[in-house]
Amino acid sequence: MELYTLSAAELAKLLREGKCTATDILDSVFARIDAVENKVEAFVTITREEAYAKAKEIDEKFARGEKLHPLAGIPIAIKDNICTNGVLTTCSSKMLYNFVPPYDATVMQKLNDCGAILIGKANMDEFAMGSSTETSYFKKTKNPRGLDRVPGGSSGGSAAAVAAGMAPISLGSDTGGSIRQPASFCGVVGLKPTYGAVSRFGLIAFASSLDQIGPFGRTVGDVAMLFSAICGRDPMDATSSKHEHADVLAAIQGDVKGLRIGIPAEYYGDGIDAEVREKVMAAVKQLEEAGAIVKEISLPSTKYALSAYYILASAEASSNLARFDGVKYGYRAKEYSDLTDMYERTRSEGFGEEVKRRIMLGTFVLSSGYYDAYYNRAKLLQRQIADEFARGFEECDVMITPTSPSTAFQFGANTSDPVKMYAADVCTINVNIAGLPGISIPCGNGADGLPIGLQIIGPKFSEDVLLRTAANYERICGGFNTVADLA
Amino acid sequence: MDYEIVVGLEVHAELNTATKIYCGCKNSFGSEVNSNCCPICTGMPGSLPSLNEKVVDYAIRMGHALNCTINNVCKQDRKNYFYPDLPKAYQISQYDVPLCENGYLDIIMDEDGNTKRIGVTRIHIEEDAGKLLHAERFSGSLVDMNRCGVPLVEIVSEPDIRSSKEAKSYLEGIKAILGYLDISDCKMQEGSIRCDVNVSVRPAGNDTFGTRVEMKNVNSFSAAERAIDYEAQRQIAVLEKGGVVLQETRRWDDVNGINEVLRSKEDAQDYRYFPDPDLLTIVVDEAHVQELKDSIPELPVHRLQRYLREYGLPYFDSNLLVENLDKAAFFEKTAALGAAPKSVTNWLLGDITKVLNDKNCLLSDTKMTPEKLAEMIALIDKKEISNNAGKTVLDEIIFSDKTPAQVVEEKGLKQISDSSFLEGIADEVIAANPKAVEDYKKGKTNVVGFLVGQCMRASKGQGNPATLKEIVERKLVAL
Amino acid sequence: MKIDIKHVAKLARLRIEDNEMAEVEKKLLSVLEMVENLPELTGNSSGLDRENPMELRKDEVKPSMKRDLILANAPETRSGCLLVPKTVE
């Protein structure tokens with residue numbers, strides 16, 4: 001058995017049994033990277049040297065018999081919008097092609113403290129704006145389950161690295177579906193935590209009120225383990241919550257007897273491929289057979305979510321990305337006549353088309369005379385959507401929906417029409433709008449042989465229930481942990 | 001035609017908290033460039049703000065002092081614009097829900113202590129920008145980010161001010177309160193207090209406002225006076241010529257005493273304010289708001305009126321005392337010990353202040369106490385020492401633990417009024433100065449002063465000069 | 001619906017060439033059309049959430065970062081400062 005195919009939990013067990021070392025694991029993982037990265041292109045940066053140095057430290061600690069965190073010695077890939085001290089962090093943008101943060105994001109600090117080993121920075125849509133990772137300035141990541149397909153996005157690199165066996169676990173970020181949709185496309189597990197569950201300090205902001213860092217893995221257990229390592233209040237992030245998180249690793253052992261599963265009809269409409277509906281409902285049926293109670297519910301404001309999302313996210317992005325002006329870090333235009341010209345050329349040359357489009361939209365909706373019509377209305381709608389979810393959760397414990405309307409699409413399929421591309425996020429966006437947790441798990445394949453994902457949504461801070469539901473399905477279908485065959 | 005000047009002021013004051021508003025960097029002036037900086041205050045990608053609780057407390061105290069309603073539930077908004085001294089390209093400020101609003105400041109209008117009420121529209125908290133440095137040596141500008149994230153309160157007045165003199169009074173009133181509350185260093189030369197001035201004029205008696213012009217770069221209170229007078233005259237001249245005042249922002253050039261257009265109305269900035277999603281709602285406990293209210297000391301204007309009324313002090317002295325809370329407290333304690341208020345201010349604002357200035361120190365740095373000053377004044381009042389000896393006593397007690405009585409004893413400063421002793425001295429002096437006596441006989445009466453001086457010297461300064469003068473004159477006449 | 005693309009671009013400090021205007025406007029309008037379908041909602045999103053108050057930071061000094069690190073990513077520096085094209089105001 002190749003070490004790279006094992007889950008983080010299995011590797012942690014072998015490390016403790018002395019059957020392998022952290023260095024052995026790196027050897028296997030880097031051998032896999034050497035073999036398949038040229039096909040998948042999941043990474044912007046690979047930190048081989050630093051990783052081996054860290055593995056040596058961890059191995060010495062194990063040798064001394066120190067008690068270490070379950071993540072000690074486990075390789076991890078980190079999305080390239082999460083700041084890593086001394087390691088290039090580009091947001092897959094020309095704008096930050098050379099940016100080396102002088103500090104670690106809080107999640108990175110926590111992972112370092114656990115002894116997890118950073119092996120590289122994962123490719124993404126530029127500044128996390130996209131659903132296919134095609135807007136990366138550097139490279140197009142391929143879906144390991146079908147190399148002619150996109151891996152989804154924006155955390156495409158993080159999902160692909162895990163699916164391809166180049167890392168057992170990874171971190172992504174999710175603003176409108178950016179963890180769940182690529183997890184669905186790549187056939188892995190991806191959790192978008194409750195807004196405020198994980199510190200955003202060091203996450204290069206796209207839309208601050210919607211962004212949330214979350215874990216990818218090939219098993220529900222790995223995702224639970226990684227989530228429990230990174231969640232919790234951080235005084236450096238005012239929006240992080242003091243909530244006492246349940247022990248998710250214990251929670252996933254529970255069953256689903258009596259669990260009320262809501263099926264919101266609006267998520268199974270015309271825009272969703274028939275085979276996706278069928279596979280998701282088949283999985284629901286299996287959970288019902290295991291003791292869950294299934295009921296239909298309704299979330300009528302769903303149809304407005306996409307509009308509210310693009311107003312709120314673009315407005316925040318237009319402000320968040322204003323700091324990239326060629327003064328303090330990153331790209332600066334080579335030629336300019338004066339300060340304003342320097343700003344305009346730097347930003348026009350440094351940002352890609354999709355980013356500029358959203359900055360324009362966000363600037364417009366915030367500009368004088370339009371605030372009430374757009375931003376204020378979107379905010380009101382956000383509250384309406386959140387209230388609707390809250391009422392829905394009076395009738396059920398979790399909701400199950402498709403993660404994406406289809407399986408992974410082909411490169412270039414949606415790039416010319418932004419509205420069509422945005423529609424790929426229709427099932428996931430509401431969850432961010434309402435600040436709820438959502439998880440995507442594989443639930444079979446489509447006719448094209450590509451994975452289909454189902455999404456489980458819960459009330460705020462119900463990650464334990466989501467993970468328990470996911471783990472039950474994982475057990476029912478005999479496990480998800482498959483590494484894509486890229487021979 | 002007569003015109004009325006209408007002025008509104010926006011005062012920005014840096015708060016003297018230990019740390020910046022959104023990060024733990026030191027809030028201090030005069031450090032080496034870019035040395036009080038971190039990823040947060042320099043707007044590095046991924047960094048997030050966390051609000052300093054002291055900033056909220058300080059602003060609420062200012063709100064109480066200016067009689068404002070405190071919005072104990074409020075938020076912070078982003079003001080978006082590009083400039084190299086603003087690293088995030090937005091300033092975190094407060095837009096539609098400021099921390100404090102609807103207050104007022106009573107300003108002193110005359111030496112009788114009569115006041116006028118100036119409305120305070122709002123007080124909000126925000127972060128300062130960095131500093132741009134220019135040099136002829138090269139073609140660019142340099143950015144020092146030490147000041148980025150220094151906490152500010154912006155205090156916006158209603159357009160209730162009617163002259164440059166009132167504006168100055170208002171500004172001094174604001175400054176005095178900031179000092180009383182000890183929430184700002186108020187160092188004009190370090191830019192810790194700055195103001196924007198809004199000026200319009202209208203024909204006297206008219207009750208609609210004229211077109212308003214905003215002036216930037218007003219860096220001192222006296223500059224504010226000059227800028228207002230200049231701008232009002234400029235607008236009046238425009239109107240007199242049948243022209244129209246344009247709504248615009250102008251830049252004050254204090255060196256040349258003129259202003260020039262910075263931007264016209266058409267170029268007005270569109271700041272695209274929206275609630276900062278990185279910060280949650282500020283909710284200050286009602287009890288804490290009250291606690292802060294209870295901590296507000298008596299305000300300068302009230303104190304001034306009390307000094308005029310209760311102590312009968314002249315306006316000038318009262319004003320000097322009110323400007324310095326330490327001295328004011330010292331004054332009141334000394335007066336409470338029975339010393340005549342005017343004697344206290346004479347010493348406190350005279351000799352004591354001179355020592356403080358010479359040594360460049362504060363009253364609290366000395367060993368002077370109200371008890372010591374009261375004792376000294378009592379010695380003078382009882383004619384036990386001369387006023388001159390008092391100065392010697394002061395020099396001895398101000399930096400030591402000695403009491404005035406001890407110094408008088410040690411230095412033998414006790415004033416001698418015993419006439420038999422003084423008569424003896426006078427006899428000796430008269431005998432020793434036959435030339436002076438001759439002159440006196442020739443009608444040169446001014447030699448009396450000389451002879452009294454000789455007597456004082458002979459008495460080692462302890463003789464009561466008034467008594468000596470009497471004796472010398474009597475003896476000369478009798479000769 | 002008409003957007004003043006030039007004005008918005010100026011606010012955002014983006015440079016859009018004349019020959020790109022039409023394409024940029026077309027794409028933006030298509031997004032705006034999607035966004036327009038919001039229902040009529042009245043009221044003001046005050047942005048205040050009393051139930052979810054912010055925890056404030058204690059006023060305690062923490063070490064700052066070394067200047068070299070603060071400036072390490074800057075495109076141009078001089079005399080320990082960021083260097084930018086000359087500012088006018």
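Trainee: How many bridges join β9(B) to β2(C)?

Mentor: Four, and the two strands run antiparallel. L142(B) has L83(C) as its bridge partner in β2(C). Strands are taken to pair if DSSP finds at least two bridges between them. The names refer to DSSP runs, numbered from the N terminus: helices are H or I with at least four residues, strands are E with at least two.

Trainee: Anything I should know about the model before going on?

Mentor: Yes, two things. It is a predicted model, where local features need pLDDT of at least 70 and side-chain atom pairs count only at pLDDT 80 or more, while totals for chains, interfaces and linings use all residues. Residues are numbered from 1 along each chain as its sequence is written, chains are lettered from A and ligands numbered from 1 in the order in which they are written, and side-chain values use heavy atoms, with hydrogens and water left out.

Trainee: Back to the sheet, then. In what order do the four strands come?

Mentor: The order is β8(B)-β9(B)-β2(C)-β1(C), in an open sheet with antiparallel pairing. At the edges are β8 (131-134) of chain B and β1 (77-78) of chain C, each of which pairs on one side only.

Trainee: And how many bridges join β1(C) to β2(C)?

Mentor: Two, with β2 covering residues 81-85 of chain C and the strands running antiparallel. Look at T77(C), which stands opposite L82(C) in β2(C).

Trainee: Let's zoom out. How many residues do chain B and chain C each bring to their contact?

Mentor: Chain B brings 56 and chain C brings 37, contact meaning heavy atoms within 4.5 Å. Between them the two chains bury about 4,000 Å², with 58% of it on carbon and sulfur atoms. Buried area here is the accessible area (1.4 Å probe) that two parts lose on being put together, summed over both. In chain B, the residues that lose the most area to chain C are E53(B), F82(B) and T281(B), together 13% of what that side buries.

Trainee: How many salt bridges and polar contacts are there between chain B and chain C?

Mentor: The count is two salt bridges, meaning a side-chain nitrogen of Lys or Arg within 4 Å of a carboxyl oxygen of Asp or Glu. R67(C) and E32(B) form one of them, at 3.2 Å from N to O. There are also 21 residue pairs in polar contact, both residues at pLDDT 80 or more. A polar contact is a pair of N or O atoms within 3.5 Å; within protein, one must be able to donate a hydrogen and the other to accept it, and residues adjacent in sequence count only if both atoms are side-chain atoms.

Trainee: Which element gives the most to the side of chain B that touches chain C?

Mentor: β9(B), with five residues. By class, that side of chain B has 30 nonpolar, 15 polar and 11 charged residues. Nonpolar covers Ala, Val, Leu, Ile, Met, Phe, Trp, Tyr, Cys and Pro, charged covers Asp, Glu, Lys and Arg, and the others, Gly among them, count as polar.

Trainee: Now the other interface. How much area is buried between chain C and chain A?

Mentor: About 4,300 Å², of which carbon and sulfur atoms give 66%. R15(C), L38(C) and N73(C) lose the most area on the chain C side, together 16% of what that side buries. The contact takes 44 residues from chain C and 55 from chain A.

Trainee: What about salt bridges between chain C and chain A, how many are there?

Mentor: Four. One of them links E55(C) to R233(A), where the closest N and O atoms are 3.6 Å apart. Polar contacts across this interface come to 10 residue pairs. On the side of chain C that touches chain A, α2(C) gives the most, with nine residues, and the classes divide into 27 nonpolar, eight polar and nine charged.

Trainee: Changing topic: is β10(A) mostly covered or mostly open?

Mentor: Mostly covered: six of the eight residues in β10 (438-445) of chain A are buried, which means under 20% relative accessible area, with exposed being over 50% and partly exposed in between (1.4 Å probe, protein chains only). β10(A) pairs antiparallel with β5 (189-192) of chain A over three bridges, and with β11 (451-457) of chain A over six.

Trainee: How many residues lie between β10(A) and β11(A)?

Mentor: Five, in a hairpin whose turn includes G449(A), with a positive phi of about 80°. Within the pairing, P442(A) stands opposite G453(A) in β11(A).
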